[in-house]
Amino acid sequence: MWVAVRERFRRLVSDLQITQEEVNDGWTKHINVGRSLERAYYGQGSGDYPPSLLVGSWGKGTQVKPSNDIDSFFILPPVVKSRFDLRSGNVQSQLLQEVKSYLLATYPQTDIRGDGQVVVVNFNSITLELVPVFRHGAQFLIPDTRNEGSWRVADPIAQMSLIEDHDKAMNGNVRAVSKIIKLWCREKDVPLKSFIVELLVAEFLSLCGYGMYSTYWYDFYVRDFLNFLVQRADSYVFIPGTGEVYGLGRQWLPKAVAARDVAVQACDWEYSDYDVTAGQEWQKIFGSRIPIHVRM
C-alpha cells in the first residue's frame, strides 16, 4: 500500500525548492539595494552587510520556485524619523517617495514605484519589495500610507523564529508543507496570504500528533491540513510578536472544501496503489508540478 506517496511528494518538494542561482540572485539584489540606501542615509557604507533584513518567505525559507518577489526591510537611522515627524501631511508617503528617489538615482533604468507601505523595485529577474523601517525596541515601525498615513508595529523576527522552531521540531515538515500549500494557493488563486499559510501549517503539524514523520505521510498531511483549514473558516490567528488578531474570513472556503474532497479521493487511490489515478487526482489540486508517474 502507498507505494507511490513517498517518491511523488519527494519530487514535488524538490521541484518547489528554488535553485542556488536564484538564491544568489535574490540575495545580491537585496544586498545591493541595501548598500545604495546605506550610502544615502548613513554616508559611508558599513561593510559587506548593510542594515537590511530579509523578511517574508525569503526570511523564513518558505519561498516557492519560481519566487516572484523578495520582501526586504531597510533600517533607517532614528534621525530620519525625527526629520519627517516635523513635517505635515502624509509623512509616510513622503518617506516612501524619498526612498524611491534615492533608488532611482542608482537604478535609473529600473521601474520603481511606491505602493502602500513598500517601494517596489521591478528588476528583470525578480521584484524586490522594500519597506523602510525604524527600530522600535526589538520590533520595527513601518510606514502605512493609507488614509492620512500612520506607523505600524511589525515583528518579522518573531515570525521567522516561530517557523524555524516549529520546523526543527517537526523534522523540516513545516517549510515543506507550507510550500506545498502555497503551490495550491498559487494554482487555484486561493485568497490566503503566505504568512497565514505558514502559521496555520505550523499550528496543524504541531497539533496533529504525527507532524514529524517522513514524506510517506505527506498525502495525509495535505488531506488533513485542508480539513483543518476548512474548520478554521471565520476564525482567527494571532500574529507572533505583535499579538495582532488576524481574521481568516471565509472567501477561500469553497476552494478549500473542493481541494479537501479531491485529497480524500487521492489518498484512497494511494492506499489501493492506483498510483497513476492518484496522481491525476493530485494534479486537480496542484497542477502539473506534482508527478503522475512515479514508479520506476
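These points cover the nonpolar cores, two residues of interest, the aromatic pairs and the largest pocket of a predicted model.

1. Main core. The largest nonpolar core comprises 53 residues, and F9, W184, W252, W282 and F286 have the most contacts inside it. Six elements each give two or more residues to this core: α1 (5–16), α7 (173–188), α8 (194–207), α9 (218–231), α10 (253–271) and α11 (275–286). The largest share, nine residues, is that of α9. As background, nonpolar side chains in soluble globular proteins tend to be buried together.

2. Second core. Separate from the main core is a second one of 21 residues. V91, L95, V99 and I112 are among its members.

3. W282. This residue is one of those with the most contacts inside the largest core. Neighbours within four places in sequence aside, W282 is in contact with R8, F9, D219, V222, A263, A266, C267, E270, G287 and I290. The list thus includes charged residues such as R8, D219 and E270.

4. I290. The segment after α11 holds I290. Is I290 buried or exposed? Its relative accessible area is 0%, so I290 counts as buried, the cut-off being under 20%. Not counting residues up to four places away in sequence, I290 touches R8, F9, L12, W282 and Q283. For one of these, R8, the C-alpha separation from I290 is 6.9 Å, although the two residues are 282 apart along the chain.

5. Aromatic pairs. There are 25 aromatic pairs in the structure. In the pair formed by F204 and F228, the ring centres are 5.6 Å apart and the planes meet at 45°, so the pair is classed as tilted. This pair links distant parts of the chain, since F204 belongs to helix α8 and F228 to helix α9, 24 residues apart. F204 and F228 are both buried.

6. Aromatic cluster. Which residues do ring pairs link into a cluster? The members are W2, F9, Y210, Y213, Y216, W217, Y218, F220, Y221, Y271, W282 and F286. Of these, F9, W282 and F286 also appear among the residues with the most contacts inside the largest core.

7. Largest pocket. The largest pocket encloses about 1,500 Å³ of space. Its lining consists of 45 residues, of which G56, D71, K193, S194 and F195 are the closest to the pocket centre. By class, 19 lining residues are nonpolar, 11 are polar and 15 are charged.

Notes. Residues are numbered from 1 along each chain as its sequence is written. This is a predicted model: local features need pLDDT of at least 70, side-chain atom pairs count only at pLDDT 80 or more; totals for chains, interfaces and linings use all residues. Side-chain values use heavy atoms; hydrogens and water are left out. A nonpolar core is a set of buried Ala, Val, Leu, Ile, Met, Phe, Trp, Tyr and Cys residues joined through side-chain atoms within 4.5 Å. Buried means under 20% relative accessible area, exposed over 50%, partly exposed in between (1.4 Å probe, protein chains only). Helices (H or I, at least four residues) and strands (E, at least two) are DSSP runs, numbered from the N terminus. Contact means heavy atoms within 4.5 Å. On a 1 Å grid over the protein atoms alone, a cavity is a set of points where a 1.4 Å probe fits but cannot get out, and a pocket is an open set with protein on both sides within 12 Å along at least five of seven lines; lining residues have an atom within 4 Å of a point. Grid points are joined across faces, edges and corners, and a volume is the space filled by probe spheres set on the points. Rings of Phe, Tyr and Trp (its six-membered ring) pair if their centres lie within 6.5 Å; planes under 30 degrees apart count as stacked, over 60 as edge-to-face and the rest as tilted.
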